[in-house]
Amino acid sequence: AQCLVGSEMCIRDRSYARTSQQPGKTQTINFYKINEEIYFVDLPGYGFAKVSQSEKDRWSRLMEDYFAAGRISLGILIVDARHAPTNNDVTMARWFQESECPFAVVANKLDKVKKSEIAGNLAQIRDDLALSDTCPVIPFSAEKGDGREELVRLILRTVEK
C-alpha cells in the first residue's frame, strides 16, 4: 500500500481500488473519499478497453458531463512514456484545456524507457498534447518510485488551496 508522505492523507488498504491484469477495465466513474476531505476520482479508461464503440461513446458522454460540472480541482492525465501520445490522450488533454481545468501529465512506465530517450519522449508528449509551459509533465515509474514525490507535492499543493 502507498502512503502520501508528509500529509494526513494515507491509503493503506488496497481494497480501495480494484486492479486488473488487463488495462482499460474501469467502466464507471469511481470516487475514493480520503480523510473526509477530498475525492480521488477514477474516470473510465479509453485506450485499451476491448468494448464496443457504442460503449466508448457512452463513456465519452459520461466524462464530458463530468468535465462540464466544473468540480475538478486537478486532473491527472496518465500517458505511456514509451510511446507518442495516442489520439485518445490528445482528446483527453484537449478536454482539460477546453474546460480550463488545471491538469498535469504523468508519463508512466519511465523504468521501461532508455535514459537516452527520456528527454525526447517527454518533449514529444508535451508537443503532441500541445501543453502550455505551465502544465507539469511528471516522469513517473511505479516500479522505482520515480516522480512519486513530485506528484504527491502537486496534489498536496492543490488540496491545500
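Student: Which residue just after α1 takes a positive phi of about 70°?
Tutor: This is a predicted model, where local features need pLDDT of at least 70, side-chain atom pairs count only at pLDDT 80 or more, and totals for chains, interfaces and linings use all residues. Residues are numbered from 1 along each chain as its sequence is written, and side-chain values use heavy atoms, with hydrogens and water left out. Helices (H or I, at least four residues) and strands (E, at least two) are DSSP runs, numbered from the N terminus. Just after α1, the residue with a positive phi of about 70° is G70.

Student: In what order do the elements run from the N terminus on?
Tutor: Let's start with what there is to place: the protein has four helices and five strands. Reading from the N terminus on, their order is β-β-α-β-α-β-α-β-α.

Student: How far does helix α1 reach from its first C-alpha to its last?
Tutor: Helix α1 covers residues 53–68, which is 16 residues. The expected span is 1.5 Å times one less than the number of residues. For α1 this expectation is 22 Å, and the helix comes close to it, reaching 22 Å.

Student: Which residues of α1 are buried?
Tutor: Here buried means under 20% relative accessible area, exposed over 50%, and partly exposed in between (1.4 Å probe, protein chains only). By that rule, the buried residues of α1 are W59, M63, Y66 and F67.

Student: Around the axis of α1, how wide an arc do they cover?
Tutor: The arc is taken from the directions that run from the helix axis to the C-beta atoms. An α-helix has 3.6 residues a turn, so residues three or four places apart point the same way. The buried residues of α1 lie on the same side of the helix because they cover an arc of only 95°.

Student: And what is exposed on the other side of α1?
Tutor: We have just placed the buried set, which includes W59 and M63. Turn the helix round, and the exposed residues there are Q53, S54, D65 and A68.

Student: Which elements do the buried residues of α1 pack against?
Tutor: Contact means heavy atoms within 4.5 Å. For the buried residues of α1, the partners are two strands and a helix: β1 (30–34), β2 (38–42) and α2 (87–98).

Student: Which residues of α2 are buried?
Tutor: First, a look at the helix: α2 has 12 residues and reaches 16 Å from its first C-alpha to its last, close to the 16 Å expected. The cover over its buried residues includes α1, β3 (75–80), β4 (103–108) and α3 (115–128). The residues covered in this way are D89, V90, M92, A93, W95 and F96.

Student: Which residue after α2 has a positive phi near 55°?
Tutor: Most residues other than glycine have a negative phi, and most peptide bonds are trans. The residue you want lies in the loop between α2 and β4. With 71% relative accessibility, it counts as exposed. It is not a glycine, yet its phi is positive, and its name is E100.

Student: Where is A130 found?
Tutor: A130 also has a positive phi, of about 55°, although it is not a glycine. It counts as exposed because its relative accessibility is 56%. Its place is the loop between α3 and β5 (137–139).

Student: What distance separates the C-alpha atoms of A119 and P139?
Tutor: A119 is in helix α3, and it counts as exposed because its relative accessibility is 58%. Along the chain, A119 and P139 are 20 residues apart, and their C-alpha atoms are separated by 9.6 Å.
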